[in-house]
Amino acid sequence: MSNVMLYTDGGCRGNPGPGGWGAVLIYGKHILKLHGSEADTTNNRMELLATIEGLRALKRPVPVDLYTDSKYVQQGITQWISNWKRNGWKTAAKKPVKNQDLWQMLDEVLGAHEVTWHWVKGHSGNKYNELADQLANKAMDELVQS
């Protein structure tokens with residue numbers, strides 16, 4: 001069985017401000033595009049939500065190659081989260097971890113899947129990263145128009 005590829009992106013107009021997220025799931029010839037928005041949020045929250053919602057869309061545990069242009073998400077989940085959990089959700093500076101609710105959701109949804117994390121440079125011509133960005137912008141456009 002080949003891996004599912006998941007590309008995620010999030011953004012915000014103003015930070016905080018209206019935000020959107022996009023996720024593209026690819027399995028063989030199948031492509032699923034997802035997007036959503038929040039009226040008052042941050043870039044980092046939208047990056048996290050794109051990843052969470054992309055993984056939640058998977059119906060069963062599968063190996064996933066996850067591509068993000070957010071070093072915050074990639075480093076947070078692969079390097080920082082174990083210390084945050086050990087320190088009672090406090091940073092090394094003893095401050096509360098920002099977006100703790102979403103980090104906990106991501107940690108929970110990851111439990112079902114074997115995820116390999118990949119960082120991609122944003123806006124560098126990667127077809128599916130660009131598509132995830134377009135979906136995040138579409139979500140923000142829909143939010144502003146509603």
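Where is the place of Pro16? Pro16 sits in the loop between strand 1 and strand 2, and View 1 starts there.

**View 1. The cis peptide bond at Pro16.** This is a predicted model, where local features need pLDDT of at least 70, side-chain atom pairs count only at pLDDT 80 or more, and totals for chains, interfaces and linings use all residues. Residues are numbered from 1 along each chain as its sequence is written, and side-chain values use heavy atoms, leaving out hydrogens and water. From Asn15 to Pro16 the peptide bond is cis, with omega near 15°. Most peptide bonds are trans.

**View 2. The open sheet.** Five strands (DSSP runs of E, at least two residues, numbered from the N terminus) line up in the order 3-2-1-4-5, with mixed pairing; a pair needs at least two DSSP bridges. Strand 3 and strand 5 (114–119) are at the edges with a single partner strand each, so one side of each has no neighbour in the sheet. On average, neighbouring strands are turned by 20° against each other, direction ignored. Strand 1 (residues 4–12) pairs with strand 2 in the antiparallel sense over eight bridges, and Cys12 stands opposite Gly19 in strand 2.

**View 3. Helix 2 against helix 3.** These two helices (DSSP runs of H or I, at least four residues) pack at about 95°, axes 11 Å apart; axes are lines fitted to C-alpha atoms over the stretch in contact, and angles run from 0 to 180 degrees between N-to-C directions. That makes helix 2 roughly perpendicular to helix 3, a label covering 65 to 115 degrees. In contact (heavy atoms within 4.5 Å), the helix 2 residues, including Tyr72, Ile77 and Trp84, meet Trp103, Leu106, Asp107 and Leu110 in helix 3. Trp89, in the loop between the two helices, has a positive phi near 60°.

**View 4. The largest pocket.** Its volume is about 270 Å³, meaning the space filled by probe spheres set on grid points joined across faces, edges and corners. A pocket here is an open set of points on a 1 Å grid over the protein atoms alone, where a 1.4 Å probe fits, with protein on both sides within 12 Å along at least five of seven lines; lining residues have an atom within 4 Å of a point. Of 13 lining residues, Val4, Tyr27, Ala57, Leu58 and Lys59 lie nearest the centre. Strand 2 (17–27) and strand 3 (30–41) each supply at least two lining residues.

Key. Parallel < 35°, antiparallel > 145°, perpendicular 65-115°, else oblique.
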